[in-house]
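This briefing concerns the protein structure displayed below. Topics are grouped, and each term is given its cut-offs where it is introduced.

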Amino acid sequence: MDMKKRIHLELRNRTPSDVRELVLDNCRSVEGKIEGLTAEFVNLEFLSLINVGLMSVSNLPKLGKLKKLELSDNRISGGLDVLAEKLPNLTHLNLSGNKLKDISTLEPLKNLDNLKSLDLFNCEVTNLNDYRESVFKLLPQLTYLDGYDMEDREASDSDGEVEGDGVDEEDEEEEDEDGEEEDFDEDEDDEEDEEEVEGEEDDEEVSGEDESPKEEEFGQDGEVEEEDEDEDEDEEEAETNKGEKRKRDPEDDDEDDDDEDDD
């Protein structure tokens, strides 16, 4: 896909002035030059043109707010003076993997007053003796060269970011609030679970207490039934005894009559 079509796709129904970041990596440049990028991208802060076959940046439009420019893995060998003219606020420049051979080709970068970070990995210039000392001397405004400062201290992630990149503070605050709300909800769920468990334990205790009186009542009923049976037996025995007495009484009467007759 050529660069012009790629830019059209990246707009996604936005106007150029709405775009702050534009990534055109791996598309095709026309005759090694930038095509389709205009000064209408007035708010552009980050531009990436990695591996697009660039040999020159002469067609670069004026982008007054651009801070970070990625030009690695191209075929640029010079002509960097246009960068200071068109990109006055540039802070990060990546020229890794290009055809820069001499320190003198970097001299135009002296006019980039805000340049803080420069990357030249895999360029022939890095093979020169005293390469790092020479570059830092040529570009005193520079803080990091190939990711390290003059004392060989590595650049932090924040130093490599463009202002406005990443998550906004408001978004971070919202995420923190969401996290707190989730923690709060989890705590409430835990409390509810504990209350449910305690409620179940209380129910078990109550049910256990209820069963005991029932057993006692059952035991008392059993005793009452046994007493009733004993009383019934006593009554039956009494009736039986009465019947026997009744049977014996007539006999006794006959005997008495006989005794009277004898007299």
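Asp149 touches Arg132, Phe136, Thr143 and Tyr144, where residues up to four places away in sequence are not counted and contact means heavy atoms within 4.5 Å. The structure is a predicted model, in which local features need pLDDT of at least 70 and side-chain atom pairs count only at pLDDT 80 or more, while totals for chains, interfaces and linings use all residues. Residues are numbered from 1 along each chain as its sequence is written, and side-chain values use heavy atoms, with hydrogens and water left out.

**Surroundings of Asp149**

- Asp149 is located in the loop between β6 and α4; helices (H or I, at least four residues) and strands (E, at least two) are DSSP runs, numbered from the N terminus.
- The relative accessible area of Asp149 is 9%, so this residue is buried; buried means under 20% relative accessible area, exposed over 50%, and partly exposed in between, with a 1.4 Å probe and protein chains only.
- A salt bridge joins the side chains of Asp149 and Arg153, at 2.9 Å from N to O; the term denotes a side-chain nitrogen of Lys or Arg within 4 Å of a carboxyl oxygen of Asp or Glu.
- In contrast to the buried Asp149, Arg153 is exposed, at a relative accessible area of 53%.
- A polar atom of the Asp149 side chain also lies 2.7 Å from the backbone nitrogen of Arg153.

**Other salt bridges**

- The search of the whole structure yields six salt bridges.
- Arg132 and Asp152 form one of them, with 3.9 Å between the closest N and O atoms.
- Because Arg132 belongs to helix α3 (residues 131–138) and Asp152 to the loop between β6 (144–145) and α4 (169–262), this pair ties together parts that are 20 residues apart in sequence.
- Arg132 counts as partly exposed, with 21% relative accessibility, and Asp152 counts as exposed, with 55%.
- Glu10 and Arg12 are also joined through their side chains in a salt bridge, at 3.6 Å from N to O.
- Within that pair, Glu10 counts as buried at 17% relative accessibility, whereas Arg12 is exposed with a relative accessible area of 58%.

**Backbone angles in the loop between β6 and α4**

- Which sign does phi of Asp146 take, positive or negative? The value is near 55° and positive, in a residue other than glycine.
- Asp146 lies in the loop between β6 and α4 and is buried, with a relative accessible area of 10%.
- Asp152, placed in the loop between β6 and α4, has a phi near 60°, again a positive value in a residue other than glycine.
- As background, most residues other than glycine have a negative phi.

**Chain architecture and sheet**

- The protein chain contains four helices and six strands, and its elements follow the sequence α-β-β-β-α-β-β-α-β-α from the N terminus on.
- The six strands form an open sheet with parallel pairing, in the order β1-β2-β3-β4-β5-β6; two strands pair if DSSP finds at least two bridges between them.
- The edge strands of this sheet are β1 (21–23) and β6, each of which pairs on one side only.
- Strand β3 (residues 68–70) pairs with strand β4 (residues 92–94) in the parallel sense over three bridges.
- Leu69 has Leu93 as its bridge partner in β4.

**Ser17 and its contacts**

- Ser17 occupies a position in the loop between α1 (3–11) and β1, and counts as partly exposed at 30% relative accessibility.
- Apart from neighbours within four places in sequence, Ser17 is in contact with Glu40, Val42 and Asn43.
- The C-alpha atoms of Ser17 and Leu44 are separated by 7.6 Å, although the two residues are 27 residues apart along the chain.

**Totals for the chain**

- Of the 263 residues of the protein chain, 29% count as buried.
- About 18000 Å² of the protein chain is exposed, and carbon and sulfur atoms supply 40% of this area; accessible areas come from the Shrake-Rupley method with a 1.4 Å probe, and for residues only the protein chains shown count as cover.
- Among contacts in the protein chain with a separation of 6 or more, 53% come from residues 24 or more positions apart.

Terms used:
A polar contact is a pair of N or O atoms within 3.5 Å; within protein, one must be able to donate a hydrogen and the other to accept it, and residues adjacent in sequence count only if both atoms are side-chain atoms.
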